[in-house]
Amino acid sequence: MQKKAAIIQDVSCLGKCSAGVALPIVSHFDIECALLPTALLSAHTAFSQYTCMDLTDMMRTVCRDWRAQGVRFDGVYSGYMLNEAQIQIAAAFMDEFARPGALILVDPVMGDNGKAYAMLSEHYGMTMRCLLKRADVITPNLTEAALLLGCTPKLEGYDEREVRDMLLALRDMGAKQPMITGVSFSPETIGVAYLEGTSLRYVCDEKLAGVFCGTGDTFASVVFGAMLRGAAPEDAVHRALRVLKTAMRTDPQWYGIRFEAALNDPELFLPNGC
Ligand code: PXL
């Protein structure tokens, strides 16, 4: 049977992020996707001007209508949400609509480069903790990991021990497999840190100059798609980094990386043994 996934994300009409990245990538794994939309934005929040329509009430309506259909999902992937009420709706959604044993991936989209994104409240990070307990995998960047843990984000000057401690603390909060993105132990490289047992694992690649939107969404979408098709976490991380490498080397724009360039590589999207 084809796997079915629910994706909880905003729709940003301009710029490549959130649903605009998650739907094509997860679909590419031959997974059927349904979208629970959190907001409709004229453009994502890194643009100098944007208008945001809050879809909190619509989320409740979507849940009501899907309940009437009796629909259930093999995987749920949550990303950008606007407020604490939406986080509570996402938590209840996971409890009700995920099949037993479903893969739950929470990308706690909250900020980057040491700063929280525009529009998100001070308590957002605390509320986000309630999703961690439900998550098989979480994919915060370093800034988001710090916000979840209630500490000040560090952009540099951290070491492997500190990152391992953060991963262990996130696991203590209930996230079974935390993966921290944007981790850089040297000026030339950047990568992903995760745990194998209590040991730190780190996979990295060459760091490119510039800040690109949508890299976190691309990473989380590939990890989710690959793991829902049966890939082990480390295999999923390697695939996601290869997709990022292709996407970032092929004409990336500040408002979004060229993930489309990686969709042609069949090896990346059909996990071995699936
Ligand atoms: O890529 C994360 C993201 C998702 N959704 C919206 C955003 C951003 C990052 O800026 O603005 C609306």
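Tyr and Cys count as nonpolar here, together with Ala, Val, Leu, Ile, Met, Phe, Trp and Pro, while Asp, Glu, Lys and Arg count as charged and the others, Gly among them, as polar. With that in hand, the shell around the ligand in this predicted model sorts into 5 nonpolar, 4 polar and 2 charged residues.

The members of this shell can be picked out one by one in the structure. The ligand is surrounded by Asp10, Ser12, Cys17, Ser18, Leu41, His44, Thr45, Tyr80, Val109, Tyr117 and Asp217. Among them, Asp10 has a side-chain N or O atom 2.8 Å from a nitrogen atom of the ligand. Oxygen atoms of the ligand have partners too: one is 2.6 Å from an N or O atom in the side chain of Thr45, and a polar side-chain atom of Asp217 is found 2.7 Å from an oxygen atom of the ligand. Of the 310 Å² that the ligand exposes when taken alone, 94% is buried by the protein.

A further place to look is the second largest pocket, which holds about 160 Å³ of space. Its lining is made up of Leu142, Ala146, Leu149, Cys151, Thr152, Pro153, Lys154, Tyr158, Glu162, Val163 and Met166. Helices α5 (142-149) and α6 (160-172) are the elements that each contribute two or more residues to this lining. Sorted by class, the lining of the second largest pocket comprises 8 nonpolar, 1 polar and 2 charged residues; Lys154 and Glu162 are the charged ones.

Key: Residues are numbered from 1 along each chain as its sequence is written. This is a predicted model: local features need pLDDT of at least 70, side-chain atom pairs count only at pLDDT 80 or more; totals for chains, interfaces and linings use all residues. Side-chain values use heavy atoms; hydrogens and water are left out. A residue is near a molecule or strand if one of its heavy atoms lies within 4 Å of it. A polar contact is a pair of N or O atoms within 3.5 Å; within protein, one must be able to donate a hydrogen and the other to accept it, and residues adjacent in sequence count only if both atoms are side-chain atoms. Accessible areas come from the Shrake-Rupley method with a 1.4 Å probe; for residues, only the protein chains shown count as cover. On a 1 Å grid over the protein atoms alone, a cavity is a set of points where a 1.4 Å probe fits but cannot get out, and a pocket is an open set with protein on both sides within 12 Å along at least five of seven lines; lining residues have an atom within 4 Å of a point. Grid points are joined across faces, edges and corners, and a volume is the space filled by probe spheres set on the points. Helices (H or I, at least four residues) and strands (E, at least two) are DSSP runs, numbered from the N terminus.
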